Amino acid sequence: MSWQAVAEKDFRDAIRSRLLIVLTLLFTLFSAGAAYLVTEINPPQQAAFTGEVTTVLLITGLVSATAVFIPIVSIAVAYRSLAGERDSGSLKLLLSLPNSRLDVLIGKFVGRSGVVAVALFIGFAVGIVVTASLADAFSPLEYVVFVGISMLFAFVFIAITVGVSAFTSSTARAAYGAFGLFVVFQFLWSSLAQGIAYVINGFSFEGIEEGDAVFELFQVLTILDPTAAYEQGTLWVVRRLDESGELANANSELAFYLQDWFGFIVMALWIVLPLAIGYTRFNSSDL
C-alpha cells in the first residue's frame with residue numbers, strides 16, 4: 001500500500017459512516033444561511049452607499065463567518081485521524097500492510113482533506129442558488145474563487161489537526177489540543193502579538209508609530225495567524241476582482257510580507273509545518 005491507498009480507505013470510511021453526507025448538509029445550510037444573513041439581515045455597510053449587494057460585498061461579509069465555521073468542521077473531521085487509530089489499536093494493523101508512518105500521515109491528511117473538500121464544494125454549489133438569487137449583481141467566478149480559497153483554509157486546519165493527532169494516542173487530548181489552537185488563533189493571537197510588541201517596546205505602547213520596526217513586527221505577527229492570513233488572502237483576491245480597480249493597488253507600497261497576497265504563503269506554511277512537526281513526533285513514538 002501507499003499514502004494513496006490510505007487516503008482512499010479513509011475517504012471510503014467517511015462515506016460508509018455517512019460523515020460525507022452530514023458534512024455536505026452542514027455546508028449547504030451554512031452557505032445558504034450565511035448568504036441570506038449577509039444580504040437580507042445584516043448587509044455590509046458599503047451596500048448602503050452603492051444600493052446593491054454585489055458578489056464582492058457578499059464575500060466580504062461571509063469571510064468572517066467562514067473563518068469560524070470551517071476550522072470547527074475541519075477539526076471535528078480530523079482530530080481522530082491518527083490518535084483514534086492508535087487508541088483503537090488499528091494503527092498497528094495499518095502499518096503492517098505495509099505502510100510507512102509517512103504514508104499513513106500523508107494519507108490521513110489527504111483523505112480527510114478530500115472528505116471536507118467534496119462536502120464543502122457540493123454544499124457551496126447548492127448554496128450558490130440562494131446566493132445568486134439574493135445578490136444584486138452576482139459573479140460566478142468571484143464566488144468560485146472564494147470557495148477555492150475557503151477550501152485551502154480548510155486544508156490548513158486539517159493539517160494542523162492531523163499534526164496534533166500525530167502527537168498523542170488519546171483522542172481527547174487531540175481534540176483539546178486542536179480546539180485549543182483554534183481558540184488561540186481565533187481569539188487570542190492578536191492580543192499575543194500586541195503583548196510581544198508591548199514587551200519589545202520597553203513595556204509600553206508609547207512611541208509605536210506606523211512604519212517603525214515594532215509596528216511592522218506586530219503586523220508580521222498578526223498575518224502569521226492562519227485565520228488572519230485567510231481573511232487577508234481573500235481580501236487580496238476581492239481587490240483584484242473589483243471591477244472598479246480602485247482597490248487593486250491599495251497596499252502595493254508595503255513590504256511584500258505585509259501585503260495581502262502573502263496570506264497565501266502563510267497558509268501554505270501552516271499546511272507544511274504542522275505535518276512536518278507531527279511526523280517527526282509520530283515517527284519517533286512508540287505505538
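Between which helices does the loop that holds Phe203 lie? Phe203 is found in the loop between helix H9 (171-200) and helix H10 (213-223). The report returns to this residue below.

**Basis of the model**

The model is predicted, so local features need pLDDT of at least 70 and side-chain atom pairs count only at pLDDT 80 or more, while totals for chains, interfaces and linings use all residues. Residues are numbered from 1 along each chain as its sequence is written, and side-chain values use heavy atoms, with hydrogens and water left out.

**Overall architecture**

The protein has twelve helices and zero strands. Helices (H or I, at least four residues) and strands (E, at least two) are DSSP runs, numbered from the N terminus. Read from the N terminus, the order of elements is α-α-α-α-α-α-α-α-α-α-α-α.

Of the 287 residues in the protein, 45% are buried. Buried means under 20% relative accessible area, exposed means over 50%, and partly exposed lies in between (1.4 Å probe, protein chains only). The protein exposes about 14000 Å², of which carbon and sulfur atoms supply 64%; accessible areas come from the Shrake-Rupley method with a 1.4 Å probe, and for residues only the protein chains shown count as cover.

Among contacts in the protein with a separation of 6 or more, 80% are between residues 24 or more positions apart. Contact here means heavy atoms within 4.5 Å.

**Helix H9**

Helix H9 has 30 residues, yet its end C-alpha atoms are only 38 Å apart, short of the 44 Å that a straight helix would reach at 1.5 Å a residue. The expected span is 1.5 Å times one less than the number of residues. H9 also contains a kink of about 70°, centred on Leu188. The bend at a residue is the angle between axes fitted to the seven residues ending there and the seven starting there.

The buried residues of H9 include Thr171, Ala174, Ala175, Ala178, Phe182, Phe185, Trp189, Ala193 and Ala197. An α-helix has 3.6 residues a turn, so residues three or four places apart point the same way. The cover over the buried residues of H9 includes helix H4 (55-78), helix H5 (83-88), helix H8 (140-165), H10, helix H11 (226-241) and H12.

**Salt bridges**

A salt bridge is a side-chain nitrogen of Lys or Arg within 4 Å of a carboxyl oxygen of Asp or Glu. By this rule the count is six. Three of these pairs are listed here.

| Pair | Closest N to O distance |
|---|---|
| Lys9 and Asp13 | 3.0 Å |
| Asp10 and Lys108 | 3.0 Å |
| Glu85 and Lys108 | 2.5 Å |

Lys9 and Asp13 both lie in helix H1, four residues apart, about one turn of the helix. Lys9 is partly exposed at 37% relative accessibility, and Asp13 is partly exposed at 25%.

The side chains of Asp10 and Lys108 also meet in a salt bridge. This pair links distant parts of the chain, with Asp10 in helix H1 and Lys108 in helix H7 (residues 101-134), 98 residues apart. Asp10 is buried, with a relative accessible area of 6%, and Lys108 is buried at 2%. Leaving aside residues up to four places away in sequence, Asp10 touches Lys108, Gly111 and Arg112.

Glu85 forms a salt bridge with Lys108 as well. Here too the pair links distant parts of the chain, Glu85 in helix H5 and Lys108 in helix H7, 23 residues apart. Glu85 counts as buried at 13% relative accessibility. Asp10, Glu85, Lys108 and Arg112 are linked in a network of salt bridges.

**Surface and loops**

Phe167, Ile265, Leu269, Leu273 and Ile277 make a nonpolar surface patch of about 440 Å². Patches are made of residues with over 30% relative accessible area and no salt bridge; like charges are joined within 9 Å, and nonpolar side chains (Val, Leu, Ile, Met, Phe, Trp, Tyr) within 5 Å. Leu273 is placed in helix H12 (residues 262-284) and is partly exposed, with a relative accessible area of 46%.

Two loop residues have a positive phi although neither is a glycine: Arg18, at about 65°, and Phe203, at about 60°. Arg18 lies in the loop between helix H1 (3-16) and helix H2 (19-41) and is exposed, with a relative accessible area of 61%. Phe203, in the loop between H9 and H10, is exposed at 56% relative accessibility.
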